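Here's a quick briefing to read with the model open next to you. Have a look at the fold, then work through the notes by topic.

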Amino acid sequence: MRRHVLSMIAVAALALAGCGGPSSDSLQEAPAPVPGDSSSVEIGGALRPSAKDQASTGRQETVTGQVAITADDPVAVGRQIVDKVDSLGGRVDQITEQPGSDDQDASSSLTIRVPADALDRALDDLRELGEVTSISVTKSDVTMQSQDLDARIGALTASVSRLQGLIASATSTADLIEAEKALSDRQGELDSLTAQQRSLSEQVALATLWIDVTTTDAERPGRGPDNFWEGVVAGWHALLSAIKGGTVVVGALIPWFGFAIAIALLVYGAYRLRRKSKRAPGPTSSQAPERDEAETQ
């Protein structure tokens, strides 16, 4: 009886050991990645994107900004900015120079494009050229737009290839004409999307900055005299401006005054003639018999 019980315990122990041991499935090694495969690689039971996937799904941004600078010579600073942009590998899309005059302060405005990765360096260079009074930089995420363009371009490219194959193997004129028309439409759409992709890629690669350079002597809006002498000078300039403005107004009104005086003289002359004609005396009935009597004598 004891021997029977011991044998049963041994069989049970062996069965438990077989269940708890490693199975052939659990000991099977994960398949090695195929060389040159750019898809996700399985590590530790989870999917981790490869380096190529990370680059293709990276964030893409367009950068735009506005910069205001004050300097003693805005025109010279504007030309220095052009030199800085050239050294950074960028370009100048627009430049406007306004030399100083008696009525207007000197100024310079530019639209520049610099590599996005050199934006910080460009802003540092601008700070060295003058006093930066304001900076505004905006970043817009265009990742989804870029991926959508890539997908549509890929689909159209495949469609164009298929249509080219159909044209090559067309057996009838009707099929050839229809395939060529479809190919022309697909090719036009593909060219349009490719142009959009190039433009977007350029916007991502090059940051756009609008720069306004003004003179430091320009009076800021809302700024008034700080002392008595400045008040006297400001009042004198205001008086001269008022006299100058009044002289201009009087000069503009003189022709109108002359025209109004001429019209008034014509009206007055017509009125005097009319009154004079009414006052002229005519022969009365009492004077008529006396005149007849004198003629008979």
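What follows is a short tour of a predicted model, going from the overall make-up to helix pairs, cores and a few single residues.

The protein has nine helices and seven strands. Of its 297 residues, 18% are buried. Looking at contacts with a separation of 6 or more, 75% of them join residues 24 or more positions apart.

**Helix 6 and helix 7**

- Helix 6 covers residues 143–168 and helix 7 covers residues 173–205; their axes come within 9 Å and cross at roughly 155 degrees.
- That angle is over 145 degrees, so helix 6 counts as roughly antiparallel to helix 7.
- As for handedness, the crossing of helix 6 and helix 7 is left-handed.
- If you sort the residues of this contact by class, you get 13 nonpolar, nine polar and five charged.

**Helix 4 and helix 5**

- Here the axes come within 11 Å, and helix 4 and helix 5 cross at roughly 155 degrees.
- With that angle, helix 4 is roughly antiparallel to helix 5.
- The crossing of helix 4 and helix 5 is right-handed.
- On the helix 4 side, the residues involved are Val-77, Gln-80, Ile-81 and Lys-84, and they meet Asp-125, Leu-126, Glu-128 and Leu-129 of helix 5.
- By class, this contact of helix 4 with helix 5 comes to four nonpolar, one polar and three charged residues.

**Nonpolar cores**

- The largest nonpolar core holds 21 residues, and the ones with the most contacts inside it are Ile-81, Ile-112, Val-114, Leu-119, Leu-126, Ile-211 and Val-213.
- Several elements feed this core with at least two residues each: strand 3 (61–71), helix 4 (74–87), strand 5 (107–115), helix 5 (119–129) and strand 7 (206–215).
- Which element gives the most to this core? Helix 5 does, with five residues.
- Ile-81 is worth clicking on: leaving out residues up to four places away in sequence, Ile-81 touches Leu-110, Ile-112, Leu-126, Leu-129, Ile-211 and Val-213.
- There is also a second, separate core of eleven residues, which includes Val-142, Leu-149, Val-160 and Leu-190.

**Ser-108 in strand 5**

- Ser-108 is found in strand 5.
- Is Ser-108 buried or exposed? Its relative accessible area is 3%, so Ser-108 is buried, the cut-off for that being under 20%.
- Leaving out residues up to four places away in sequence, Ser-108 touches Pro-74, Val-75, Gly-78, Thr-96, Glu-97, Ile-211, Asp-212 and Val-213.

**Gln-94 in strand 4**

- Gln-94 sits in strand 4, which spans residues 91–98.
- At a relative accessible area of 32%, Gln-94 is partly exposed.
- Not counting neighbours within four places in sequence, Gln-94 is in contact with Ser-109, Leu-110 and Thr-111.
- Gln-94 and Trp-210 are 116 residues apart along the chain, and 9.2 Å separates their C-alpha atoms.

**Lys-139 and Asp-141 in strand 6**

- Lys-139 has its place in strand 6, residues 131–141, and Asp-141 lies in strand 6 too.
- Lys-139 counts as exposed because its relative accessibility is 55%, and the cut-off for exposed is over 50%.
- Asp-141, with a relative accessible area of 43%, is partly exposed.
- Setting aside neighbours within four places in sequence, Lys-139 is in contact with Glu-61, Thr-62 and Val-63.
- On the same basis of leaving out neighbours within four places in sequence, Asp-141 is in contact with Arg-59, Gln-60 and Glu-61.
- How far apart in space are Lys-139 and Thr-64? They are 6.6 Å apart, C-alpha to C-alpha, with their positions 75 residues apart in sequence as the separation.
- For Asp-141 and Glu-61, the C-alpha to C-alpha figure is 4.5 Å, and the pair is 80 residues apart in sequence.

Definitions and conventions. Residues numbered from 1 in each chain as written. Predicted model: local features only at pLDDT ≥ 70, side-chain atom pairs only at ≥ 80, totals over all residues. Heavy atoms only, no water. Axes fitted to C-alpha atoms, helices over the stretch in contact; angles between N-to-C directions. Helix = DSSP H or I, 4+ residues; strand = E, 2+ residues; numbered from the N terminus. Parallel < 35°, antiparallel > 145°, perpendicular 65-115°, else oblique. Left-handed = near helix turned anticlockwise from the far one by under 90°. Nonpolar A, V, L, I, M, F, W, Y, C, P; charged D, E, K, R; others polar. Core = buried A, V, L, I, M, F, W, Y, C linked by side-chain atoms within 4.5 Å. Buried < 20%, exposed > 50% of the residue type's maximum accessible area, 1.4 Å probe, protein only. Contact = heavy atoms within 4.5 Å.
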